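Here is a friendly walk through one structure, a few residues and contacts at a time. Keep the view open and follow along.

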Amino acid sequence: MGSTGFRRRGRVAGLRNRSSEVPTISSRTWQRPPSHFTRGMASDVALDMGWGRLVFGQTFADQRDVVDALRAEETGERDIAMYVREPQVLVGLAPHELFLDPSITFRLDLSGYRPPRDRNHDVFVRMVRERSELEEVNRLYASNGMVTSDPDVMWANHRTRTFTYLVAEDTRTRRVVGTVTGVDHVLAFGDPDEGASLWCLAADPQEAPRGTGEALLRVLAERYIARGRAILDLSVLHDNDGAIGLYRRLGFRPAAPVVVKRKNPINRRLFSPEPEHLGELNPYARIVADEALRRGVRVEVTDAPSGEMRLTFGGRSLLTRESLSELTSAVAMSRCDDKRVTRRLLAATGVRVPRAVELGPDPLADERGLAAAERLIAETGPVVVKPARGEQGKGITVGAADGGALRRAVAEAAAHCPDVLVEELVAGEDLRVLVIDHEVVAAAVRRPAAVIGTGSDDVRTLVVRQSRRRQAATGGESSIPLDATTEAVVREAGFSMDDVLPRGRRLEVRRTANLHTGGTIDDVTDDLHPDLVDAAVAASRAIGIPVTGLDLLVPDVSGPEHVVIEANERPGLANHEPRPTAQRFLDLLFPETRRAAR
């Protein structure tokens, strides 16, 4: 395809004016239109979107050419054929290759569009300005489980008027939190219906203010109204109730066009029955199951609540629980389970760890250990007190600065595990490095749960709202507790839960960056210093574990300084999308499927 991102045969002549008395092409999908309906249209039009092509069926005179166009789909992409005449005939020409997509086409009559009474002041929608912003667009696609796009193709498209790439900024933080793509059918192929279509609406599930999707839709519609376009179409899966509700509120109504796609691994769940209980898996197990199915690996869900599955390929089976598999030995798992053992093993191999004091098995009665912990406070400052065993941040106290606070923190930790670890509090960012088969696959900085002030909502409302976003984004795995810890952190920052937070003010509401208590994660894989990569690999080898999430504290991810504080034997692969975490995990489990994955 050319630099414009689309190809077409034929010449676009002058366009006819629409007439309300003449049915449009897309409303007469069951007939071959007479020649005067298509006069002036380009023929055989397929637009390259970067994630696949839009094949405009009404521009093809022969259905067999549509089949050939879909057969030319690139590996790893998803082509979409719309406005196909007689779609049942098209599928019948290649029933083993094509299927009718279970989606609904919605249409907005732009002549009846009504602007909003009040604009959303938290969201500013604009055109993409720089190529680097298309990486943010891909981040939004990945965080919503969508196929990512080729930035070069998007950037080339963006330089033409056929395509419109919009992004939404949070006006409080200036971060890109949403995106949508528009395609002008008149410029693409001389559409006599004077239409346009909307694609890839996505909002950041963690940070997008309320109304981001609506703001994007409205700006795109208003741009096409300004161009004199008559209709705006979109396709949405039949079970996407949230999106369908939004479209209906804005005046979109179901329309006739049907979508046809090719049977490929990306589309598998749309045309093939899912394994039983697959839909009950949490996101951390589901990402593994989806990648396995994409490679032709059989998936049997053996216990959905725990994320346990049996994966089978070529006569060999492995049990997995999220990212934990039978390839992780019981010894390696026990080493990660006990934080005291982890730090001793790492220190013995030269990996840097924080200074620490071990208490137990009755930590409050261990006067010698408590005295040593108080000396640690005197020498290094406030400490971190944590259960020697446990996960999800339970029982951890950060910042115990005196004997009284130390004993209270020890009692809290002991309630979760009788063995307690007291560590020096090392300043720095909380870095998670994912290592698979002793190679670094992804790295991300984890940050404590925080809210952004609107100038009108109190802290409690903001916390509840952000917690709902986190729950929706993680399938219920992450939420911000409304407990004494949250209230204490807010109070230490000079606010109460009932205070209105000033607009744009960022307020951390938890001390730890644990994802299960609402923490967020920002990818820094490309910025990681080589010494940090080496430390993570050395730690995984010291523990003898094939898949692990190493937690480090670092002053700067681009610098060499660090300490390793923990190793997780079951890291959440879904937290690092769009990094190829599930792909590398399946490479480890079934290396013979690597070629099928490419």
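## A buried threonine and its surroundings

T181 counts as buried because its relative accessibility is 0%. This is a predicted model, so please read every value here as computed from it. The threonine belongs to strand β9, which covers residues 176-184. Leaving out residues up to four places away in sequence, T181 touches M49, Y141, T164, Y165, S197, L198, W199, C200 and L220.

## Aromatic pairs

How many aromatic pairs does a search of the whole structure find? There are seven. One of them joins F99 and F271: the ring centres are 5.2 Å apart and the planes stand at 50 degrees, so the pair is tilted. With F99 in strand β5 (residues 98-100) and F271 in helix α9 (residues 268-271), the pair ties together parts that are 172 residues apart in sequence. The two partners sit in unlike surroundings: F99 is buried, at 6% relative accessibility, whereas F271 is partly exposed at 31%.

Elsewhere, F56, Y83 and F189 make up one aromatic cluster.

## Two positive phi angles

Most residues other than glycine have a negative phi. Y83, the tyrosine of that cluster, is not a glycine, yet it has a positive phi of about 55 degrees. Its place is the loop between β4 (80-82) and α3 (87-93), and a relative accessible area of 5% makes Y83 buried.

E86 is found in the loop between β4 and α3 as well. This glutamate also has a positive phi, of about 50 degrees, although it is not a glycine. Is E86 buried or partly exposed? At 28% relative accessibility, E86 counts as partly exposed.

## Three loop residues

Next come three residues in loops, each with a partner from another place along the chain. The table gives the C-alpha separations.

| Residue | Partner | Apart in sequence | C-alpha to C-alpha |
|---|---|---|---|
| P448 | T517 | 69 residues | 8.2 Å |
| V259 | G57 | 202 residues | 9.6 Å |
| L482 | M497 | 15 residues | 9.7 Å |

V259 lies in the loop between β12 (253-254) and β13 (260-262). It is a buried residue, with a relative accessible area of 2%. Not counting residues up to four places away in sequence, V259 touches I80, A81, M82, F99, L100, D101, S103 and S235. F99 in that list is the phenylalanine that pairs with F271.

P448 is in the loop between β23 (439-447) and β24 (450-452). Its relative accessible area is 12%, so P448 counts as buried. Residues up to four places away in sequence aside, the proline touches R506, E508, R510, R511, T512, A513 and G519.

L482 is found in the loop between α15 and α16 (484-492). With a relative accessible area of 46%, L482 is partly exposed. Its contacts, leaving aside neighbours within four places in sequence, are R460, V463, V464 and M497. M497 is thus named both as a contact of L482 and as its partner in the table, at 9.7 Å between C-alpha atoms.

## An arginine in helix α15

R465 sits in helix α15, which runs over residues 459-474. Is R465 buried or exposed? At 17% relative accessibility, it counts as buried. The side chain of R465 makes a polar contact with the side chain of D457, at 3.1 Å. Apart from neighbours within four places in sequence, R465 is in contact with R210, T454 and D457.

## A helix crossing

Two packed helices are described by the angle between their axes and the distance between the axes. For helix α10 (residues 283-294) and helix α18 (residues 581-589), the axes come within 9 Å and cross at roughly 65 degrees. The crossing of α10 past α18 is right-handed.

Which residues meet there? I287, V288, E291, A292 and R294 come from α10, and T581, A582, Q583, F585 and L586 come from α18. The residues of this contact divide into six nonpolar, two polar and two charged.

Technical notes
Residues numbered from 1 in each chain as written. Predicted model: local features only at pLDDT ≥ 70, side-chain atom pairs only at ≥ 80, totals over all residues. Heavy atoms only, no water. Phe/Tyr/Trp six-rings, centres within 6.5 Å; stacked < 30°, edge-to-face > 60°. Helix = DSSP H or I, 4+ residues; strand = E, 2+ residues; numbered from the N terminus. Buried < 20%, exposed > 50% of the residue type's maximum accessible area, 1.4 Å probe, protein only. Axes fitted to C-alpha atoms, helices over the stretch in contact; angles between N-to-C directions. Left-handed = near helix turned anticlockwise from the far one by under 90°. Contact = heavy atoms within 4.5 Å. Nonpolar A, V, L, I, M, F, W, Y, C, P; charged D, E, K, R; others polar. Polar contact = N/O pair within 3.5 Å; in protein donor to acceptor, adjacent residues only side chain to side chain.
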